[in-house]
Structures are given as C-alpha cells and as structure tokens.
Amino acid sequence: MRQEQTNIFFGIDWVMVFIYIILVGFGWMNIYAASFTEENSAVLDFSTKHGKQLLWIILSIPIIIFTLFINGKFYERFGSVFYLISIMSLLGLFVLGTEVHGAKSWYRFGAVGLQPSEFAKAFTALAVAKLLSDRKYNLELIKNQIKVFIIIFLPAVLIAVHDAGSAIVYLSFFFVLNREGLTLAYIICGAIAVILFILTILFGVQNLTISVCILISLYLSYNIYKDKRFLRFHWIKMTLIYMGGVLFIYSVDYAYNNLIKSHQRDRFEVLLGLTDDTKNIGYNTNQAIQTIRSGGSFGKGFLKGNRTQGKFVPAQDTDYIFSTVGEEWGFLGTSLVIVLFVILLFRILKRAEQHNNKFGRIYGYGVASILFSHLFINVGMVIGLLPTVGIPLPFFSYGGSSLWGFTLLLFIFIKLDTSKSYDW
Amino acid sequence: MKRSLLLYFLILASGLILLIRLFQIQVIKAGDYNPILGAEVKFVFDDPERGYVYDRNGKLLVANQLSYDVMIIPNEVIPLDTLEFCRLLKIDKEDFKKRFQRAEDYAPYLPYPFLKQLSKEDYAYLQEKMHRFQGFYIQKRIIRDYPTKSAANVLGYISEVDQRITKNDDYYEQGDLIGKAGIEQQYEKVLRGKKGKKYLKRDRFNKITGSYMDGKIDSLAENGQDLTLTLDSELQQYGEYLMRGKRGGIVALEPSSGEILALITAPSYDPNDMVGRKRARNSTLLFHDSIHKPMFDRGLKAYYSPGSPFKLFNALVGLQEGVIDTHTSFYCYNGYQYGKRQHEFMGCHCGIYGKPIRLNTAIAKSCNSYFANTYKRIIEKNNNPSQGMNQWNQHIESFGLGNFLGYDLPQGKKGLIPDGSFYDKKNTFRWNASTNISNAIGQGEIITTPIQLANATAAIANRGHFYTPHIVKSINNIPITDSAYTVLKKTTIKRKFFEPVINGMEEVFKTGTGKYYPLKGIDICGKTGTVENFITVDGKKKQLVDHSILVAFAPKENPKIVLAVFIENGGYGSTFATPIASLMIEKYLKRNIERKWIENSMVKKDLYPYYLESLKPSTIETGTD
C-alpha cells in the first residue's frame, strides 16, 4: 500500500472545481440581482438573501476542505452509515420537522433551516455505489434488483410525502443501474409509461385504448409475420400485453382524475394546452418566459433586469433563478450556463468511466444523473417545457442546504476521483 | 463502454433541447416582447396645465383651480386615530368604514380616491396633519374655474372623455378631460397642451419601484396655450343681464374685423355649474330642461325668420339689379295685393296710405308694400322667375346667409336662402314672385340664425364686405393669422348702393320704428323686425306672440359694433329688441349706462310666465282636462 497523500489537493480535477466555482459565483450574482433592492444593496448584509447565500458559500469552503481531507476509502466504508443517517433524518422530519410552504421538509435551528432531503441524494448515491460495487452483487438477479430499488426508493418515498417534485430526481438512478447492467427495459417501460400518461390526458381513455390496442396488434402481427419465437401462439403473453396496456391507460386516467391533487392536474393541463389558463396557473411559467425573453440575445446587464427587480417571477431566487440569468445575461448567459453544466456532466462521466474502482465509477454516475435530472427538470420548467416541479438548479438556487448538498455530492466524487490514481 | 453512451447521449440531447428552446425564446422571438407594453413598465401621464382664456381686454375668463382629493392606498394604511381623521375630513365613522371598504374592494395596493374635492380651506388644514395618517395622501387635480360666471355658451366646458374618442385618438386615456362645447371644444388642441409621459418600473404588485431607464425616454408636459377671445366680457355680461327672464340671442360683432364682441343666449347657466363634483348633477338638469333649453345656443343655432331686417338686403339687391333707385316710389294701401283673390293680400302697418313711398321712408317705416314690389321686380326682372330667383339668391348668399359662416365655434346651422330650383321642386305649377312674396319681408322660406344676420348687417355697416366672425383674437398673445378670418369677403353689391340703405336705417332710429330709443351723440342705424311664429301643441298649430328682432350698427360712420337681437315672443321689434340693442350700444361705446330707466324696465320684464302658458294647448281646451 502506498503512502497516504497528505496534500488534500493532490490529483484534484481542476476542471470540475473550476466549473463549480464559476457556477456558484455566477449563481450568487444572480441571487444578488434577484434579491437586490435600492435599500439592501450591501453585499454582506446577512438579513438579505444574497448576504445569506454568500455566507453559505463561504461556509461551503470548510465543507469542501473537510470532504477532500477525508480518505476516499472512508466514503466507501461508511457509505451505508451515511445513508442510514439520512434516512433517519428524513424520518425525523415527521416528528421534528418545521412546516414551510405546506411542506414539512425542514429542520429549524433558530434562524437557520436545514433540508435533509438535499443531503440524502449524495448519501443515496453513496449507498447505491456501495451496494453495486460489491463483487458478489449481480444486478441481473431480481432479488438484487429489489434490494437496490429499496435503497433508492426509500428516501424517495420519504421525500415524496412532503415534496413530490424533489422525489422525481431519484428516478435518475435508473441511469446508474442501467450502466451497471440493469436491462434497458426498465427505462423503456418508464418512458412508454410517461408517453402513455401524457397521451391519455391529451386524447382521452377511449381513443388511446383503441390506438394502443391497434399498435399492439400491429406489433404482434409483425412478430408473427417475422416468425419470431417470442410470443408465437403464446396466447397468455399476448393477452397480458393487451391487458397491461389497457389497464395502464385506465389506471392513469383514474389516478389522474382522482389521486393527483387538482393544482397539479391544472399545471399539466395548462402545460399541455388543454384548458385556457383562466386561473392563471401558468403565471409563474409565463412570467419566467417573459422575463427570459425580455433579456434577448445579450441581456440587459447585471442588476438591470427590471422584471427581476419588479419581482414578477415568484421564487426567482430559488427555483426560478434561471430566469434572472435569462433577463440580465440574455441568451449568452443562459447558453453559457447550459454548456458549463453539460461540460461538467461530461467531465464527471468521463472521470467516472476512467475510474479503476467500481465504487467511484458508480458514485460518479450517480452524481452525473442527479445533476443532470436537476438541470433538465429545473430549466425545462422555467422555460415552459415541463410542468412546474419545484426543484432547485444545482449551485445556482438560493438555499444553504441545496448548495451544501450539491457541493458535498460533487466534492465527494472529486475526492474519489483523486483516489483512483493510486490503488488500494 | 456501450452502456455508458446512453447518459452521454441523453445529456447532449437534453442540453440541445434546452439551448434550442432558449434560442427560440431569447433570439428568434425576442422581438415579441415590448417592455413598454409589458407589465413591468408603467407609464403615467404628466398632465399639462390647460391654457387660460382671456377676453379682448385681458380680463380672465377661464382659469384653472386646484382641487384636492384625499387618496388612499389601503395596504399602506397603519392603524390610525380614526376619530380624529374623521373629524378632519368631516365624515362620520360609518362613512369612513364604507369608503375604506370601497377602496379595498377596488384594489388593496392601488391608490383610490377616498374623498374627492376638498375645499381649499379643508386642504390647508388637513395638509399639515396628513403625515400622521400613513396610507393616505392628498392628490392635487386641476379643474376649470370661470371667474366671470358668464359666456357659458361660448366657453363651453370640459368633462371626461368618452370611449368613442379614446378608441380613435391615442392621445386620450380613459379619465382624461376634454373640451365638450364652446371654445373648450373648438380649441381643444391649443388649450390642452401636450401630455408628458413618464415611464416607471413596477413590480408584480403594480407597485412603482423607480423610474424606467432613469427617465431617458420620458417626455415633459407642455402646458396649453392661452387664448385671448374677441369677446368683451363686460358687454357679454351686460347682455346676459338684460336678457334675464327672456329667451333669445344677441350677437354683437366688430364689423371692421369680424370679431365677436358678445354672443349671448338666454337662458344660459353659470359655467361653474359644469365644473367638478357639481357637473354630473347639473348637466343632467341643464341638458334635460326641454322647456328652456339652456344648453341650446340661440345665438348660433336658433332658426328664426329674419323678418323685416331682411328688407334691407332686398333693397340692396334691388338697387344692384337696377330695378329700383332712391327715387323709385310705390304706393301702399295698408298692404299689398299680390294676387287676384281677396286673401292674396299682404298687410302693412307703415301707415302711409296712398302716398308715394321712397326707399328711405320704406326702410324707416318698414313698409311691406314697398319691398313686395321691389322683390317682385327683382324676381321677375327677366320674365323668368327661376332665373331671377337664382340671381337674388346669389346676391343674398354673398352676405354669408344661407350657409355655415365658418366661425370658430363648434356649433352652427346652415339656414336657408331658397333659389330657383328650390321652388321648381316645391311647386308643381308655374310660379312667380307672388308665389313666395313673403320672402320680400323676410318671412316665407328664408331661415337665418342670429349670427348670420349680425354678419350680414356687418357687411352693410362695412358698405359691402365682411370678415368671417370669429371668437379667438390671439393665441399665446400672437394674433391669429388664419386666412379664413383675416381675409376680407366681398358682397356682390356695389359700395354706392349701401349709402341709401344705411340712410334709411339711420332714419329708423330718428323717425321710424326705433325712434323711442336713440342714443345721444351716436347715430344708430338699424332695422326692427317682428316675426310671426307658430308652434304645434297637441297636433294643433298655434300662433304665438311675434318674435322681437332688431339688427343695428353704430356709429353710422366707422361703425364699431353690429348687433342682431332676437327676443322670442317679445312682440314688436321696438318693444324689446330695440331698447336692448340701444343699451348694448351704449354700454359698448360709452361703457356707462345713463338711461337706467330703460335698463330697469328691460331687466324687469319676465316672459317666462308666457313661455309656460304658450305650451298649453289653449285656455278653452285646458278647461276640459
């Protein structure tokens, strides 16, 4: 075994660190712009959101140093312990949580709130990596699949109770699982389910049932025609496919009309253009799009976003922070952010693939998947491609828990990344 | 390695989707967004001060006054000493609650008038205490003020612009004030000035957060221009005073310029009644008064037959056409037999039986027979009545009769001077002068308005020309240059023919129908008129007491003032119109009334009882009700 490296910056991938610094810095500028008013322009005023965020950013430095200081093996060894702690903290919310905006997802310590769900992502990624990296672990076994599903969905369910939107992110672990050998069928089934869901809402149960039945029939006839062995005269399987499809459509319809909360239903319908937005449900999205549009190609300039300062977009410093970028920095700024994120994600994937240790690779994949889903869902929502789901934009959105959660998530990977250069 | 490609691909694809969408929003469709029209910029108009109006002697006729509204922004109100506040505003607590509720219902974060139009005294008192009541503030507004309380018909009024106008004219916003009558309407664009526009940033609660683009695109308000009218407000007020209790109109012109010295309609109203809080109630009262019609400008719009004063023009046409001269004489036998039948006879009150009457006397005594003969000669000059009629029409219309004069006030009527084709159409049979002999004495088909008649008289006073009457003398002290009012218009009558007619008019005030009201030291030339009139009550035509009419100018040489006076149902021209005109001339030329007794008797005469009586079908029939 080699000598333990004492220099915490040894082997660090500075590209990721650099992009992280740019994103956090640029993010803070936008929070400053969004919370800035004539009266509170002081940067270090901790009663303002930009002041607080600056504090969170400064405090994230010791977190980073600490994260880098710890031996990489420590994360692998204690991954499951961290996971258990975060599950406990999520459970603890039911007892000790403070309710903010109808969601009991906060621990409150005086003026400071802590959102355990933001940290749970990193620890779930560690736990998944730990489980999958076991040499004896084989994902093709249903038993093992169930094991990992439990690890993923336990925190997801606990989070979904308070905040359904944040839980969606956990679905991105399927990318990790797929990478590690889980059949693509899960993702395809998931995608088909989402498509069917949208189509059902769009076209109604009956139309869709008929079209799906026709499609299945065509597919089956094609199979029979091609003389494939699959399904040939396998009447039970064939019936099951029909029944599955129809049942899914009807359950979607039922769930949509009876289980989903009406405000969520409204959001869907407005997004899909099914109803006129008389209740102004699309207000947030409309305002966000208008705000982004008003920025044009090159933006209005830092602190010159009059729509931002007019506070037209609700939650503009948190979930809708991207609209501030759009207004003040224009397409130049928004595309820069997207490109930076894509470079970061690619970098993470590349370093993960290069990892000679399975744990590091799987964790890296988890990091990339989580960041990716956050990016796409958040920006997609702000620019009106996806229904309103309140999740933060990593490194950008206001909030200490979110910033520290993502910092932890990324820097554990950066630390693991340094470890790959020596074996153990 | 193959498996790892999926996430790469998804990230790349999603990134592209986001970029394409952003490109679409921010670059391709960026032009769809206009911040000025968007919610985050609000523009407010900086209202200019409306121009003042002065009379020809510099006396202030229309000014602006400040009015003070207590405004409220319910959101910003903090608990206050309601009792004291109510005491200051002179309202009770219930009222306070009601007003507060109304403002809150409108919008909690928007200003709303809490109490409108405080008096100046209340304002002064309240202003000092206002800072203690957060959420309330005082908003100044500019409304009109009419210090002379007269000439309402000329000055007009301003009121809130209606939707028809805001739709077609970008300048006006709902709630703006616009001139609705009189010069306020006619000179709206001069008086209103130009609104300034201020762009303000606002947040999503509509709260103003500062100026937009640091005020770079703001524009300043330009105040309205001041008008100086041709009106002599002293004369105007005096005329209004004389017309008390009567209906009718007086138009006074300065013949040398066409300037309107006075334009009086009776009954009228105090222009201050149409200002501010009182307007809504008063305008209903005034507009719906179908008996007295105070909003109807009789000087400009009333159709009256001109009556005897029209004889002057027939005389002029006769002289010009050469069918009479100053020595031509006709006989009068208490009237004029124009047809063969018994009833085809026009009576005459000149009282000169069977003696030759010349032009001078004919005018002085207003002899119907003389002018019937003259008229017959004019029309039948070429044995072609239609042609003769056209000829006559041309001469008469050259005096500005029978058409809109083109003065600068928004109201008017055309009047009617018939021509040949008029009677060709009207009569199926062959007609001649006898058919419409009434035109000879200004009855018949002829219709004029008082201002037309005054203007035509000015043409006589000027010996053959006139300037289109107008009410505005200068704008911002720069005399008007509009050629419509500064270019002289000629009549078709030669200058030399005016003198004999004017001599006749002078005779009127010496020996004729106006002989009781001469003015010491000033030669008044005039012509009285007594006009038959009818109304229809319950479907029955009813003859009323004649209208009393007079046209006059003075002095004879270098005339300074021309008048047309109409008193509805005043009887003979000499009963009302003559003394009133005489007093008006005295007022204008001497500035002081010495003949107080005439003034007193005129002011005292109240025709209202008669006006009300005349609306009843008849005394006999009322009994059966």
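**Exercise 1. Confidence in chain B**

Task: What is the mean pLDDT of chain B, and which stretch falls below 50?

Solution: Start with the chain as a whole. In this predicted model, chain B has a mean pLDDT of 85, and 96% of its residues reach 70 or more. Then look for the weak spot: residues 619-625 of chain B have a pLDDT below 50. Apart from near neighbours in sequence, this stretch makes 2 contacts in the model. Where pLDDT is low, the predicted coordinates should not be read in detail. To finish, note the scores of the model, which are ipTM 0.89 and pTM 0.62.

**Exercise 2. Where the chains meet**

Task: How many residues of chain B are in contact with chain A, and which element of chain B gives the most?

Solution: First, count both sides: 30 residues of chain B contact 36 residues of chain A. Next, find the elements on the side of chain B. Helix H1 (5-28) and strand S8 (196-202) of chain B each supply at least two residues, and H1(B) gives the most, with 14 residues. Last, sort this side of chain B by class: 15 residues are nonpolar, 6 polar and 9 charged.

**Exercise 3. A helix pair across the two chains**

Task: Are H14(A) and H1(B) roughly parallel or roughly antiparallel?

Solution: Take the geometry first. Helix H14 (residues 321-354) of chain A packs against H1(B) at an angle of about 175°, and the axes are 10 Å apart. That angle makes the two helices, H14(A) and H1(B), roughly antiparallel, since angles over 145 degrees fall in that class. Now turn to the residues. H14(A) brings, among others, A:Phe331, A:Ile338, A:Val342 and A:Leu345, while the residues from H1(B) include B:Tyr8, B:Ile11, B:Leu18 and B:Phe23. By class, the contact of H14(A) with H1(B) has 14 nonpolar, 6 polar and no charged residues.

**Exercise 4. H15(A) and its two partners**

Task: Which hand does the crossing of H15(A) have with H4(A), and which with H16(A)?

Solution: Begin with H4(A). Helix H4 (residues 116-132) and helix H15 (residues 358-382) of chain A pack at about 145° with axes 8 Å apart, and their crossing is right-handed. In H4(A) the contact residues include A:Lys121, A:Ala125 and A:Val128; in H15(A) they include A:Phe359, A:Tyr363 and A:Val367. This contact of H4(A) with H15(A) divides into 10 nonpolar, 1 polar and 2 charged residues.

Move on to helix H16 (residues 400-419) of chain A. The axes of H15(A) and H16(A) come within 10 Å and cross at roughly 150°, so the two helices are roughly antiparallel. Here the crossing is left-handed. A:Tyr363, A:Val367 and A:Ile370 are among the H15(A) residues in this contact, and A:Leu409, A:Phe413 and A:Asp417 are among those of H16(A). The class count for H15(A) with H16(A) is 7 nonpolar, 3 polar and 1 charged.

Comparing the two lists, A:Tyr363, A:Val367 and A:Ile370 take part in both contacts.

**Exercise 5. The five-stranded sheet of chain B**

Task: Which strands stand at the edges of the sheet, and which helix packs on the sheet?

Solution: Write down the order: S12-S11-S23-S22-S21 of chain B, an open sheet with antiparallel pairing. S12 (259-266) and S21 (525-537) of chain B each have a single partner strand, so one side of each lacks a neighbour in the sheet. The twist averages 10° from one strand to the next. Inside the sheet, S11 (residues 248-254) and S23 (residues 561-567) of chain B pair over 6 bridges, with B:Ile250 opposite B:Val565. Helix H20 (residues 577-590) of chain B packs on the sheet, and its direction makes about 145° with that of S23(B).

Two loops beside these strands hold cis peptide bonds. B:Ala266 and B:Pro267 are joined by one with omega about -5°, and B:Pro267 lies in the loop between S12 and H10 (279-287) of chain B. The bond from B:Ala554 to B:Pro555 is also cis, with omega near -15°; B:Pro555 sits in the loop between S22 and S23 of chain B.

**Exercise 6. Following B:Ile475**

Task: Which residues stand opposite B:Ile475 in its bridges?

Solution: Strand S18 (residues 472-475) of chain B runs antiparallel to S10 (residues 227-229) of chain B, joined by 3 bridges, and B:Leu227 has B:Ile475 as its partner. S18(B) also has 2 bridges to S19 (residues 478-479) of chain B, where B:Ile475 faces B:Ile478. The hairpin of S18(B) and S19(B) has 2 residues between the strands, and B:Asn476 takes a positive phi near 50° there.

Notes
Residues numbered from 1 in each chain as written. Chains lettered and ligands numbered in written order. Predicted model: local features only at pLDDT ≥ 70, side-chain atom pairs only at ≥ 80, totals over all residues. Axes fitted to C-alpha atoms, helices over the stretch in contact; angles between N-to-C directions. Helix = DSSP H or I, 4+ residues; strand = E, 2+ residues; numbered from the N terminus. Left-handed = near helix turned anticlockwise from the far one by under 90°. Contact = placed C-beta atoms within 7 Å. Nonpolar A, V, L, I, M, F, W, Y, C, P; charged D, E, K, R; others polar. Parallel < 35°, antiparallel > 145°, perpendicular 65-115°, else oblique. Pairing = 2+ DSSP bridges. pLDDT = per-residue confidence, 0-100.
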